[in-house]
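Biologist: Could we go through this model together? I would like to begin with the charged residues and then move to the interior.

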Amino acid sequence: MDLTGILDSRAVRVLSGAPSKKRLLQIISEHAAEVYGLNAAGVFSVLQNRELLGSTGIGRGIAIPHARMDGLDRVIGLFTRVIGPVDFASLDHRPVDLVFTLLAPDAEGAEHLKALALVSRTLRDESVCDKLRANPEANTLFTILSEASLQKAA
């Protein structure tokens, strides 16, 4: 598995900022609706409910919001680079500027966990994160993520 199997190139974006975690999740949900044809309110609801269990802000300015939802036939992803980090109630209390969102079919188990592990391994690499933070173009971010995940999957 590599990220190109779950991440559409149109699902990568650079956002100039968001006033709050809630608004950031709403923007990501709207983006999921545009790219994948999902119901934005439904996406927001499952992401918000997941965050109520505990923040998906994992530290070092990274968050991996993830949730299961009805109506999907595979794991899908969205990547958002936020210029002007957002308080995400992260484990290390640092604001978040790199957000990789995963949505999985409600009944899916193994693929969701494999995707989550791959995203985590990819974003654990500080050089990958440095490249993502240094580039303001969505196409370049997609290429960085694609190449990095191929190396992590190997």
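**Charged pairs and the interior**

Modeller: Asp-8 is partly exposed, with a relative accessible area of 23%. Please bear in mind that the model is predicted.

Biologist: Which side chain does Asp-8 meet in a salt bridge?

Modeller: That of Arg-10, with an N to O distance of 3.1 Å.

Biologist: And how many salt bridges does the count come to?

Modeller: The count comes to 6 salt bridges. One of them joins the side chains of Arg-60 and Glu-126, at 3.7 Å from N to O. This pair links distant parts of the chain, 66 residues apart: Arg-60 is in the loop between strand 2 (57-59) and strand 3 (62-63), and Glu-126 is in helix 4 (residues 126-134).

Biologist: Is Arg-60 buried or partly exposed?

Modeller: Arg-60 counts as partly exposed because its relative accessibility is 26%, and the lower limit for that class is 20%.

Biologist: What does Arg-133 pair with?

Modeller: The side chain of Arg-133 forms a salt bridge with that of Asp-97, at 2.9 Å from N to O. Arg-133 lies in helix 4 and Asp-97 in strand 6, so the pair ties together parts that are 36 residues apart in sequence.

Biologist: Which burial class does each partner fall into?

Modeller: Arg-133 is partly exposed, with a relative accessible area of 25%. Asp-97, by contrast, counts as buried because its relative accessibility is 13%.

Biologist: Changing topic to rings: how many aromatic pairs are there?

Modeller: The count comes to 1 aromatic pair. It is formed by Phe-79 and Phe-100, with 6.1 Å centre to centre and 55 degrees between the planes.

Biologist: Why is that pair called tilted?

Modeller: The angle of 55 degrees lies between the two limits, since planes under 30 degrees apart count as stacked and those over 60 as edge-to-face.

Biologist: Where do the two rings sit?

Modeller: Phe-79 is in strand 5 and Phe-100 in strand 6, 21 residues apart. Phe-79 is buried, at a relative accessible area of 0%, and Phe-100 is buried with a value of 0%.

Biologist: How do strand 5 and strand 6 run?

Modeller: They run antiparallel and are joined by 7 bridges. Within this pairing, Ile-76 has Leu-103 in strand 6 as its bridge partner. Strand 5 (residues 76-86) also pairs with strand 1 (residues 7-15), in parallel, through 5 bridges. There, Arg-13 stands opposite Thr-80 of strand 5.

Biologist: How much of strand 5 is buried?

Modeller: Strand 5 is mostly covered, with 8 of its 11 residues buried.

Biologist: Then the core. Which residues have the most contacts inside it?

Modeller: In the largest nonpolar core, which has 51 residues, these are Leu-24, Leu-38, Phe-100, Leu-103 and Leu-132. Leaving aside neighbours within four places in sequence, Phe-100 touches several residues, including Leu-3, Leu-7, Ile-64, Val-119 and Leu-145.

Biologist: What about Val-99?

Modeller: Val-99 is found in strand 6 (residues 96-105) and counts as buried because its relative accessibility is 0%. Beyond its neighbours within four places in sequence, its contacts include Leu-24, Ile-28, Pro-65 and Leu-78. The C-alpha atoms of Val-99 and Leu-78 are separated by 8.1 Å, and the two residues are 21 apart along the chain.

Biologist: One last item: what sits over the ring of Phe-88?

Modeller: The charged end of Lys-21, placed 4.7 Å from the ring centre.

Notes:
Residues numbered from 1 in each chain as written. Predicted model: local features only at pLDDT ≥ 70, side-chain atom pairs only at ≥ 80, totals over all residues. Heavy atoms only, no water. Helix = DSSP H or I, 4+ residues; strand = E, 2+ residues; numbered from the N terminus. Buried < 20%, exposed > 50% of the residue type's maximum accessible area, 1.4 Å probe, protein only. Contact = heavy atoms within 4.5 Å. Core = buried A, V, L, I, M, F, W, Y, C linked by side-chain atoms within 4.5 Å. Pairing = 2+ DSSP bridges. Salt bridge = Lys/Arg side-chain N within 4 Å of Asp/Glu carboxyl O. Phe/Tyr/Trp six-rings, centres within 6.5 Å; stacked < 30°, edge-to-face > 60°. Lys NZ or Arg CZ within 6 Å of the ring centre and 35° of its normal.
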